[in-house]
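Here is a short report on one protein chain. Keep the sequence and the 3D view open as you read.

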Amino acid sequence: MTPTKHIHPTAEVQTPHVGEGTQVWQHTVVLAGAKIGRNCNLNAHCFVENDVVIGDRVTLKCGVYLWDGMRVGNDVFIGPNATFTNDKYPRSKQYPAAFQPIVIRNGASIGANATVLGGVTIGENALVGAGAVVTRDVPAGATVVGNPARVVVRGQP
């Protein structure tokens, strides 16, 4: 039996692209252009902008906002209040020609309250520690912590 998707009555999901088995919880907003895979769990108070693609079996804990240009692979965990940016020099009512993309590869985990700057790729199965500030790419399988985030465990090549 295929699980059905569940969208909480207080969530606002504008996109038709929500995979089977995905759950969207209280007060979460998903804009019309977003694409969300199967068996995902978007916890309460999340926001997903238009140009965002989320793979299968992804967990967004409470308070996660995903901005235009983000690509999230399969089996990714994003902890509560993790923060992402897509504009290096933000100004009110002044928009860049293109937003900086963030790519999170399959199996990666982002700890609570981590900050990931635009233009960064988090490698496959990488782990970003809670509270880390990621200013550059994280290699596959690596663990990074601190501000700025530094590799403390090297991944397998």
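## A buried charge and its partner

Asp56 has a relative accessibility of 15%, so it counts as buried. The cut-off for buried is under 20%. Keep in mind that this is a predicted model.

Which residue pairs with Asp56? Arg38 does, through a salt bridge. The closest N and O atoms of Arg38 and Asp56 are 3.2 Å apart. This pair links distant parts of the chain, 18 residues apart. Arg38 sits in the loop between strand S5 (35-36) and strand S6 (41-42). Asp56 sits in the loop between strand S8 (53-54) and strand S9 (59-60). Arg38 is partly exposed, because its relative accessibility is 44%.

## Two further salt bridges

Side chains of opposite charge can pair when their charged atoms come close. The count of salt bridges here comes to three.

One of them joins Arg71 and Asp51, with 2.7 Å from N to O. Arg71 belongs to strand S11, while Asp51 lies in the loop between S7 and S8. The two are 20 residues apart, so distant parts of the chain are linked. Arg71 is partly exposed at 32% relative accessibility. Asp51 is partly exposed too, with a relative accessible area of 37%.

Another joins Asp75 and Arg57, whose closest N and O atoms are 2.7 Å apart. Asp75 is in the loop between S11 and strand S12 (77-78), and Arg57 is in the loop between S8 and S9. The pair therefore ties together parts that are 18 residues apart in sequence. Asp75 counts as partly exposed at 39% relative accessibility. Arg57 counts as partly exposed at 38%.

## The nonpolar core

In soluble globular proteins, nonpolar side chains tend to be buried together. Here, the largest nonpolar core has 36 residues. Which of them touch the most other members? They are Ile54, Leu60, Leu66, Ile78, Phe84, Ile104 and Ile122. Strand S11 (70-72) and strand S14 (102-104) each supply at least two residues of this core.

Take Leu60. Leave aside its neighbours within four places in sequence. Leu60 is then in contact with Asn41, Leu42, Asn43, Cys46, Val48, Ile54, Leu66 and Ile78.

## A parallel sheet

Strands of a sheet pair through backbone hydrogen bonds, either parallel or antiparallel. In this model, four strands form an open sheet with parallel pairing. Their order is S2-S4-S7-S10. Which strands lie at the edges? Strand S2 (12-13) and strand S10 (65-66) do, and each pairs on one side only.

Now look at S7 (residues 47-48) and S10. Two bridges join these parallel strands. Val48 has Leu66 in S10 as its bridge partner. Val48 is also among the contacts of Leu60.

## An antiparallel hairpin

Further along the chain, S20 pairs with strand S21 (residues 150-153). Is the pairing parallel or antiparallel? It is antiparallel, over three bridges. Thr143 stands opposite Val153 in S21. The hairpin of S20 and S21 has four residues between the strands. In this hairpin, Gly146 takes a positive phi near 95 degrees.

## A nonpolar surface patch

Val145, Val152 and Val153 make a nonpolar surface patch of about 220 Å². Val145 lies in strand S20 (residues 143-145). Is Val145 buried or partly exposed? Val145 counts as partly exposed, because its relative accessibility is 35%.

Technical notes: Residues are numbered from 1 along each chain as its sequence is written. This is a predicted model: local features need pLDDT of at least 70, side-chain atom pairs count only at pLDDT 80 or more; totals for chains, interfaces and linings use all residues. Side-chain values use heavy atoms; hydrogens and water are left out. A nonpolar core is a set of buried Ala, Val, Leu, Ile, Met, Phe, Trp, Tyr and Cys residues joined through side-chain atoms within 4.5 Å. Buried means under 20% relative accessible area, exposed over 50%, partly exposed in between (1.4 Å probe, protein chains only). Contact means heavy atoms within 4.5 Å. Two strands pair if DSSP finds at least two bridges between them. Patches are made of residues with over 30% relative accessible area and no salt bridge: like charges are joined within 9 Å, nonpolar side chains (Val, Leu, Ile, Met, Phe, Trp, Tyr) within 5 Å. Accessible areas come from the Shrake-Rupley method with a 1.4 Å probe; for residues, only the protein chains shown count as cover. A salt bridge is a side-chain nitrogen of Lys or Arg within 4 Å of a carboxyl oxygen of Asp or Glu.
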